[in-house]
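Biologist: Before I take this structure to the bench, please go through the labels with me and set each one against the rule behind it.

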Amino acid sequence: MNLESATRTLDSLETPCLLLDEARMTRNIERLNALMARHGVTLRPHLKTPKSMEVARRLMATPQGPAAVSTLQEAEQFAAAGVTDLLYAVGVSPAKLDRVVALRQRGVDLTVVVDSVEAARAVAARSRAAGLCIPALIEIDCDGHRAGVQPKDTDRLLAIARALHDDVGCLRGVMTHAGESYGCRTVEAIADMAEQERWAAVSCAQAIRSAGLPCPVVSVGSTPTAHFARHLDGVTEVRAGVYVFFDLVMAGLGVCHVDDIAATVLTTVIGHQPEKGWILVDAGWMALSRDRGTAKQPVDQLYGLVCDVDGQVYPDVLLAETNQEQGIIKLRAGSTAVLPDLPIGAKLRILPNHACATCAQHDAYEVVRPGEPGVVARWERFRGW
């Protein structure tokens, strides 16, 4: 739902709440669209970050998709809004296949992911029982980050491919995700990881084709590798998600600048402890999540950078600690800066470590635009599995 809210000011909003800078979001979307156009590959945006139809419409190439999701709740919600080209980009369990079948029976081209013969046989068996094909991609482990088939384990790869293809023809291709790109320290290292990701997927696709089996889809992606891939030869589509909003982890990797971060948490000053150097606010981990993704980066942003109500960053001012419903603002250790003089009731914005986790704590985006006073719209988002 898009509720126009032009008469509301930021001062009137109940806090904590989630703000979305529409201009920054649009700039982020256009940047990756242009990159993928230069590479000549399809972009399949991952909707797990926004979980909002209003944002999804701005991300997808068409109202029908393509798009990726990470829960069947997302698939069902977006399908209800008319999105029909979806990849459920998490390994599917047999217990969830009934929901997959129900979506495909409604005309949704939902693809699932498997990385074992057991899972492939479950998909094939449910397809036969339903009298339809549940298309599947085989997940490839390109970096040891999570799940998937090792690229050199050709026997396992082909066993999964045959279990999907024989009788029911459910084999659609391969996919991989370079999650270890989040641990890179330089842009050059991200580019190297992008090539490792590409090679893993493309080489497995070639092995499948050499065995006489189809492999039309070669899907790769993470936000860092999508932005710094040197080339994407052999890839048919790229997936990325957090790029729509960006966050402090992405800024720490050099994928974006701090002023590209589109989603922030609006909070209110509720107290002071001057002898401790603290400012207390009403945004705790329930509003921001406990994600500390910058902790392993060269610059640890603790629970987030603090900005004034207009989004200007206060140098060296951090949300340093969180309780369930309260946060403690402090200066960065060793800083010679001075805490801003903020009265009770003053509004602040917090830039999050991980946009996906922070947005997941909220039910809606309060949309703002530079140069326009107040809130211009409220875009609802959903949660659940």
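Biologist: Why is serine 289 called buried?

Modeller: Serine 289 has a relative accessibility of 7%, and buried means under 20% relative accessible area, with exposed over 50% and partly exposed in between (1.4 Å probe, protein chains only), so the label buried applies to serine 289. This is a predicted model, in which local features need pLDDT of at least 70 and side-chain atom pairs count only at pLDDT 80 or more, while totals for chains, interfaces and linings use all residues. Residues are numbered from 1 along each chain as its sequence is written, and side-chain values use heavy atoms, with hydrogens and water left out.

Biologist: What makes the backbone at serine 289 worth a remark, and where does that residue lie?

Modeller: Serine 289 has a positive phi of about 80° although it is not a glycine. Most residues other than glycine have a negative phi, and most peptide bonds are trans. Serine 289 sits in the loop between helix H10 (285–288) and strand S13 (305–307), where helices (H or I, at least four residues) and strands (E, at least two) are DSSP runs numbered from the N terminus.

Biologist: Aspartate 167 also has a positive phi; is that residue buried or exposed?

Modeller: Aspartate 167, with a phi of about 75°, belongs to the loop between helix H6 (154–165) and strand S8 (171–176). Its relative accessible area is 75%, which is over the 50% limit, and therefore aspartate 167 is called exposed.

Biologist: Which peptide bonds that lead into a proline are cis?

Modeller: Among them are the bond from threonine 15 to proline 16, with omega near 0°, and the bond from glycine 65 to proline 66, with omega near 5°. Proline 16 is in the loop between strands S1 (2–4) and S2 (17–21), whereas proline 66 is in the loop between helix H2 (53–59) and strand S4 (67–69).

Biologist: How do you know how many disulfides there are?

Modeller: A disulfide is a pair of cysteine sulfur atoms within 2.5 Å, and a search of the whole structure finds zero. The cysteine sulfur closest to that of cysteine 256 belongs to cysteine 356 and is 13 Å away, which is too far for a bond, so cysteine 256 is not paired. Cysteine 307 is in no disulfide either, with its nearest cysteine sulfur, that of cysteine 256, at 13 Å. Cysteine 256 at 5% relative accessibility and cysteine 307 at 1% both count as buried.

Biologist: What makes S14 and S15 a pair?

Modeller: Two strands pair if DSSP finds at least two bridges between them, and S14 (residues 313–322) and S15 (residues 327–331) have five, in the antiparallel sense. A hairpin joins S14 to S15 through four residues. Strand S12 (residues 278–281) runs antiparallel to S15 with three bridges. Isoleucine 328 of S15 is the bridge partner of glutamate 321 and also of leucine 280.

Biologist: Which strands pair with S10 in the parallel sense?

Modeller: Strand S3 (residues 42–45) does so over four bridges, with threonine 42 opposite glutamate 237, and strand S9 (residues 217–220) over two, with valine 220 partnered by valine 238. Glu237 and Arg239 point one way from S10 and Val238 and Ala240 the other way, yet all are buried. In a regular strand the side chains alternate between the two faces of the sheet.

Biologist: How do you know whether the chain's radius of gyration agrees with a compact globule?

Modeller: The radius is taken over C-alpha atoms, and the globule rule is 2.2 Å times the number of residues to the power 0.38. For 385 residues a compact globule would be near 21 Å, and the chain has 22 Å, so the two agree. Of these residues, 55% count as buried.

Biologist: What lines the largest pocket?

Modeller: A pocket, on a 1 Å grid over the protein atoms alone, is an open set of points where a 1.4 Å probe fits, with protein on both sides within 12 Å along at least five of seven lines, and lining residues have an atom within 4 Å of a point. The lining of the largest pocket has 48 residues, with Lys48, Arg146, His177, His354 and Cys356 nearest its centre. Strands S5 (85–91), S6 (109–114) and S10 (237–240) and helix H11 (355–359) each give two or more residues, and the largest share, four residues, comes from S5.
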